[in-house]
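Visitor: Could you pick a single part of this model and take me through it closely? I'm new to this, so please keep it plain and show me how that part connects to its surroundings.

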Amino acid sequence: MKNAADEFMKKHPKVKIKIETFAWPEFYTKWTTGLQAGQIPDISTALPNHVVELLEIEALSPVDDVINKIGIGRFYKAPLKEGELNGEHYALPLYSHAQVMWYRKDLLEKMGLEVPKTWNELFETAKKLNNPPEIYGLSVPMGLNDMMATRFLNFYVRSAGETLITKDGKANLTSKAAIEGINYWVNMYNTVSPKGSINFKVLDQATLYYQGKIAFDFNSGFHIGGVKQNSPDLINQIAAAPIPKINPDDPEQGIETSNIPLVLWKNSKHPEIAKAFLESLYEKEKYIKFLHSVPGGMLPVLKDISEDPLYLDDPIIKQFKTSIDVINKAIDTGTAIGMEYGPRPEAGIITSQAVIEKMFQEIILKNTPVEEAARKAENELNELFSAALQ
């Protein structure tokens, strides 16, 4: 992105682009406080759930003219839909990825074990591979400054055919499937997870897999680059599989897809320059170079680029074709957490307020009964949902 900005400034000497980077968990605080202080950028990346909330408070400007210049027919429909309101598009998809199950091929082969296809199989296999402190079967992250416990619970609930937010906009933490999911992850934590994971954020969790210290993890294709950078000797020993099912014969489905967009803030002082820069990012060679900076992690939102020989001609993309195919299949069928019935503000609340993370910590640290903690968290979420809609 910096290279793209430098190239744009070289072509337009009067333009100065300043880039600021920060972790995703900080973004919610950044934009909420930034709006109050009048300190927000011209453009930024965002998460789909943030986009919905930003649309609710009319903080964004439409980018249809940019999309049309790039070619609206070139985009996959689902990423565009997540930023659409009243026929206008307020988010420009940049790349896509989806959550899948990553595993260590060498560890499974050493013990003659198969890749798990169900949650019960995953639990039993993780137990067999668990050999702390060298290797943990699986880490269960529950840190309050991130949405990881919400993500893990969503995996289980979605695989059971349910959603964390119901069609009528209510929290779902007390159904049979949700209670089973909570118990599953509590049991997994107590059995095979490093105890420090109760405070893990996304990077803490990912780093364990990068370093070869956990046998299984859930993440996107970003794991490829993380392992390559941190433990290059393990790069040939990792692979992705679909997220487990409840029963072996359940239909296979994507669970969580993330279509990461760029947004144009309504208070931009230079909207036309910002739009010109946005458009420039999708020039073929520049866009492919951007995607190749994290091969397999950032997947194209433009259909023609997905099939372009220049894009496909990357050693990592070739090596991990099978795993990337698993991710692509999940992208086609998954959604952002809480947006299974379409974009809604409740989705941003359930992933940003750490209610589910607090619930898990209460169960584990305070021995609060699962049903009691789930009911309390469900009520808290429903109160937040109601307040947001008033």
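Guide: One bit of vocabulary to start: two strands count as paired if DSSP finds at least two bridges between them. Also keep in mind that this model is predicted.

Let's zoom in on strand E10, which covers residues 257-265. All 9 of its 9 residues are buried, so E10 is largely enclosed by the rest of the structure. "Buried" here means under 20% relative accessible area. You can check this face by face. On one side sit Thr-257, Asn-259, Pro-261, Val-263 and Trp-265, and every one of them is buried. Flip to the other side and you meet Ser-258, Ile-260, Leu-262 and Leu-264, which are buried as well. In other words, both faces of E10 are covered.

Now for the strands it pairs with. Take E5, residues 92-98: this strand runs antiparallel to E10, and 6 bridges join the two. To find the pairing on screen, look for Leu-92, which stands opposite Leu-262 of E10. Leu-262 turns up again with strand E1, as the bridge partner of Thr-45. E1 is residues 43-45, and its pairing with E10 is antiparallel too, over 3 bridges. Then there's E2, residues 60-61, which is joined to E10 by 2 bridges and also runs antiparallel. Your landmark there is Ser-61, whose bridge partner in E10 is Leu-264.

While you're looking at E1 and E2, glance at the helices H2 (residues 24-37) and H3 (residues 48-56). Their axes lie 11 Å apart, at an angle of about 15 degrees. H2 and H3 are therefore roughly parallel to each other. On the H2 side the meeting point is Phe-27, Tyr-28 and Trp-31, and on the H3 side it is His-50, Glu-53 and Leu-54. Sorted by class, that contact has 4 nonpolar residues, 1 polar and 1 charged.

For another set of strands, look at the open sheet of 4 strands, in the order E7-E8-E6-E9, with mixed pairing. Its edges are E7 (136-138) and E9 (238-241), each of which pairs on one side only. From one strand to the next, the twist averages 25 degrees. Within this sheet, E6 (residues 100-104) and E8 (residues 214-219) pair in the antiparallel sense over 4 bridges, with Met-101 and Phe-218 as one pair of bridge partners. Lying across E6, E7 and E8 is helix H7, residues 119-129, which runs at about 145 degrees to E8.

One more stop: helices H8 (residues 148-159) and H9 (residues 176-192). Their axes come within 9 Å and cross at roughly 130 degrees. That makes H8 oblique to H9. The crossing of H8 past H9 is right-handed. In the loop between those two helices you'll find Leu-173. Its relative accessibility is 0%, so Leu-173 counts as buried, just by the numbers. Leaving out residues up to four places away in sequence, Leu-173 touches several others, among them Leu-153, Ala-178, Ile-182, Ile-356 and Leu-381.

To come back to where we started: E10 is the strand to keep in view, with its two covered faces and its antiparallel pairings with E1, E2 and E5.

Conventions:
Residues numbered from 1 in each chain as written. Predicted model: local features only at pLDDT ≥ 70, side-chain atom pairs only at ≥ 80, totals over all residues. Heavy atoms only, no water. Buried < 20%, exposed > 50% of the residue type's maximum accessible area, 1.4 Å probe, protein only. Axes fitted to C-alpha atoms, helices over the stretch in contact; angles between N-to-C directions. Contact = heavy atoms within 4.5 Å. Parallel < 35°, antiparallel > 145°, perpendicular 65-115°, else oblique. Left-handed = near helix turned anticlockwise from the far one by under 90°. Nonpolar A, V, L, I, M, F, W, Y, C, P; charged D, E, K, R; others polar.
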